[in-house]
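Visitor: I would like a close look at one kind of contact in this model, taken slowly and with the numbers attached. Please begin once the structure is in view.

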Amino acid sequence: MDAGIVGLPNVGKSTLFNALTRAGALAANYPFATIEPNVGIVMIPDPRLKAIAKHIQTQKITPSSLRLVDIAGLVAGASKGEGLGNKFLSHIREVDAIVHIVRCFEKAPGGEEITHVAGPVDPIRDIEIIETELMLADLETVEGAIPKAERAAKAKDAEAMARLDVLLRLRDVLGKGKPARVIIEAHEFDDPDHRRAFKSLGILSAKRVLYVANVDEDDIHGQGKHALRVRERAKEEGMEVIPVCAKIEAELAEMNDADRAEMLAGLDLEEPALDAVAHGIYRLLGLRSFYTCGPKEIRAWPIHIGDTAPEAAASIHTDMQRGFIRAEVYSVSDLEELGSEKAIREKGRMRIEGKSYVVQDADVCYFLFNV
């Protein structure tokens, strides 16, 4: 699962990407600093791993991770090829969700002017520029596909009729200036034929969004006028917003643990805002974690909410899903309470689960399989 960082040029996208992925150098201060997308791995902070390691000795601890893509800055007219519009749209089509960086700072630390391609700082205008370009690109895709779908539907084939129905409903919603995710969240395409037809279209405005408000150093909690407007917009859309001072987070990312803790204390922060962003992206992608434990490694594995035990086993190796027999399962809270797997078994807390079991967040699993 991939999340794509998007935003207008010079809003702090690459700075945030570098801090999240510990990539190092900051982006240049000019439009289109990112031409080809950079791809990095984001490790998901997880205190439960340390809790497990207190009771199970191991050589290695591995947290969950996800791929993050830093996508080229977009300008108005991207759907018609302006700027790097075509590249932007093709790259965003390939990710599963969007992390939208919105500029909520006036000047860089030290008073440096950072050019805003659209004029004065206005986060809602910036959000609407990108949202509009995604919807215009989607509308072009939909209108171009309708004539062929109408011809195919004349044969009364169920899949062809479902595809036409999807296209007509999308045209109606997009034509009213609403993103396609309005339809998805209303569960209008839940049956298999409609779901397949919709997925094949690669609709951009259907992707869920996490807003990241890039704030001034004196507004790290995101209570300034610009950040509050983004909060209001996110609430209206049922989306989440996380305030981040990308400059501070970039500095924190380069520090050792002791210096980082000292700086956080000085800022009255319990943890880096990037940890909140990482968890926000995890939620955005609909993921949860289960764990495997052993003397060689304690590891967190990302799975989709609703995945069954065989599907979770496949995240380790597809052979484990193919030959799945059963899973032995307990929770991290069981381990913290009882202190050892031996005690968990003795107390009857080690559960035997079959193929229909839906793996829960914080499950510790052992999979039995035969191929």
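Visitor: Is Arg169 buried, exposed or partly exposed, and what is its relative accessible area? Please take the salt bridge of Arg169 with Asp165 as the part to examine, and then set other salt bridges beside it.

Guide: The model is a predicted one, and in it Arg169 has a relative accessible area of 28%, so it counts as partly exposed, since that class lies between the buried limit of under 20% and the exposed limit of over 50%. Its partner Asp165 has a relative accessibility of 27% and therefore also counts as partly exposed. The closest N and O atoms of this salt bridge are 2.7 Å apart, and both residues belong to helix 5, which covers residues 158-175, where they are separated by 4 residues, or about one turn of the helix. As a general matter, side chains of opposite charge can pair when their charged atoms come close.

The structure holds 24 salt bridges, and another of them joins Arg260 to Asp257, with 2.9 Å between the closest N and O atoms. Both of these residues lie in helix 10 (residues 257-266), 3 residues apart, which is again described as about one turn of the helix. Here the accessibility classes of the partners need to be read one by one: Arg260, at 16% relative accessibility, falls under the 20% limit and so counts as buried, whereas Asp257, at 60%, lies over the 50% limit and so counts as exposed.

A further salt bridge brings together the side chains of Lys342 and Glu346, at 2.6 Å from N to O. These two residues sit in helix 15 (residues 341-346), with a spacing of 4 residues, about one turn of the helix, and both Lys342 and Glu346 are exposed. Beyond such pairs, salt bridges that share partners link Glu128, Glu131, Arg181, Arg233 and Glu237 into one network.

For a helix looked at from the side of burial, one may turn to helix 11, which is mostly covered, with 9 of its 12 residues buried; among them are Leu274, Asp275, Val277, Ile281 and Tyr282. Its length can be checked as well: at 1.5 Å a residue, the 12 residues of helix 11 (residues 273-284) should span 16 Å, and the end C-alpha atoms are indeed 16 Å apart, so the two values agree. Just after helix 11, Gly286 adopts a positive phi of about 70 degrees.

Note on methods. Residues numbered from 1 in each chain as written. Predicted model: local features only at pLDDT ≥ 70, side-chain atom pairs only at ≥ 80, totals over all residues. Heavy atoms only, no water. Expected span 1.5 Å × (residues − 1). Buried < 20%, exposed > 50% of the residue type's maximum accessible area, 1.4 Å probe, protein only. Salt bridge = Lys/Arg side-chain N within 4 Å of Asp/Glu carboxyl O.
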